Amino acid sequence: FVSSSNLSLVYQEGKTKGGFGSYVARNMTFSQFLSFAFPLSITLAVGSSIASIEASSTTVITTDLSASYSFGAWNATLGGGLARDAVVRNTVFASVSGPLGNIAGLTCALERSSVDDPLYSSTNFDETVLRVTLSRSW
């Protein structure tokens, strides 16, 4: 059993010469990784991002969870994420990767994302992405 905990804190400030458009961004993320004696690992990350521009401020809370399982030389991953402020963003993904003999490596990934903005519904969307990658090192 292996466990790893991480905390990341970032502060960023930008000031314009004219004084308009200056901003401050503060990000905090906590992540936890667990790996078991059998070939399963789980990762959870929770974070917040606060951005202030002029007199307005936005806070986004994020949560990501994924699990990976290895079977032989192949690896499968399943996970999802949620980000919330006034807008709700959801993502679910799955991938499988492994060798194609000694010829190449293959990765197949499927991702489904959606955005729901109650103020600007014209920017709402649902998206599906399929990626297939063949790779070879020499």
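This is a short tour of a predicted model, stop by stop, with something to select at each one.

**Stop 1: the first strands**

Start by selecting residues 2-14, which make up strand 1, together with residues 23-35, which make up strand 2. These two strands run antiparallel and are joined by 13 bridges. Now add residues 40-53, which form strand 3. Strand 2 pairs with strand 3 over 13 bridges, again in the antiparallel sense. Look at the turn as well: strand 2 and strand 3 form a hairpin, with 4 residues between them.

To see the pairing at single residues, pick Asn6 and find Ser31 of strand 2 standing opposite. Then pick Thr29, whose bridge partner in strand 3 is Gly47.

**Stop 2: Ser31**

Stay with Ser31, which lies in strand 2. What is Ser31 in contact with, leaving aside its neighbours within four places in sequence? Show Ser4, Ser5, Asn6, Leu44 and Ala45, and you have the answer. If you like to try the distance tool, draw a line from Ser31 to Val2: the C-alpha atoms are 14 Å apart in space, and the two residues are 29 apart in sequence.

**Stop 3: a cluster of rings**

Next, select Phe1, Phe36 and Phe38, which ring pairs link into a cluster. The count of aromatic pairs here comes to 2. In one of them, Phe1 and Phe36 are tilted, with 50 degrees between the planes and 5.7 Å from centre to centre. Phe1 sits in the segment before strand 1 and Phe36 in the loop between strand 2 and strand 3, so this pair ties together parts that are 35 residues apart in sequence. Phe36 also pairs with Phe38, and these rings are stacked: 10 degrees between the planes, 5.4 Å centre to centre.

Switch on the surface for a moment. Is Phe1 buried or exposed? Phe1 is exposed, at 65% relative accessible area. Phe36 counts as partly exposed at 26%, and Phe38 counts as partly exposed at 46%.

**Stop 4: charged pairs**

Side chains of opposite charge can pair when their charged atoms come close. How many salt bridges does the structure hold? There are 3 salt bridges to visit.

- Select Glu13 and Lys15, whose closest N and O atoms are 3.4 Å apart. Glu13 is partly exposed at 42%, while Lys15 is exposed at 68%.
- Select Asp85 and Arg89, whose side chains meet at 3.4 Å, N to O. Asp85 is partly exposed at 26%, and Arg89 is partly exposed at 30%.
- Select Glu111 and Arg131, with closest N and O atoms 3.9 Å apart. Glu111 lies in strand 7 and Arg131 in strand 8, so this pair ties together parts that are 20 residues apart in sequence. Glu111 counts as partly exposed at 24%, and Arg131 is partly exposed at 46%.

**Stop 5: Asp117**

Finish in the loop between strand 7 (104-116) and strand 8 (125-135), where Asp117 is found. Asp117 is buried, yet has no salt bridge. Which side chain of opposite charge is nearest to Asp117? That is Arg89, 6.8 Å away, and you have already seen Arg89 in a salt bridge with Asp85.

What does the side chain of Asp117 reach? Zoom in on the backbone nitrogen of Leu119, at 3.0 Å. Leaving aside neighbours within four places in sequence, Asp117 is also in contact with Val87, Thr123 and Asn124, so select those three to complete the view.

Definitions and conventions:
Residues numbered from 1 in each chain as written. Predicted model: local features only at pLDDT ≥ 70, side-chain atom pairs only at ≥ 80, totals over all residues. Heavy atoms only, no water. Pairing = 2+ DSSP bridges. Buried < 20%, exposed > 50% of the residue type's maximum accessible area, 1.4 Å probe, protein only. Lys, Arg positive; Asp, Glu negative; His and termini not counted. Salt bridge = Lys/Arg side-chain N within 4 Å of Asp/Glu carboxyl O. Polar contact = N/O pair within 3.5 Å; in protein donor to acceptor, adjacent residues only side chain to side chain. Contact = heavy atoms within 4.5 Å. Phe/Tyr/Trp six-rings, centres within 6.5 Å; stacked < 30°, edge-to-face > 60°.
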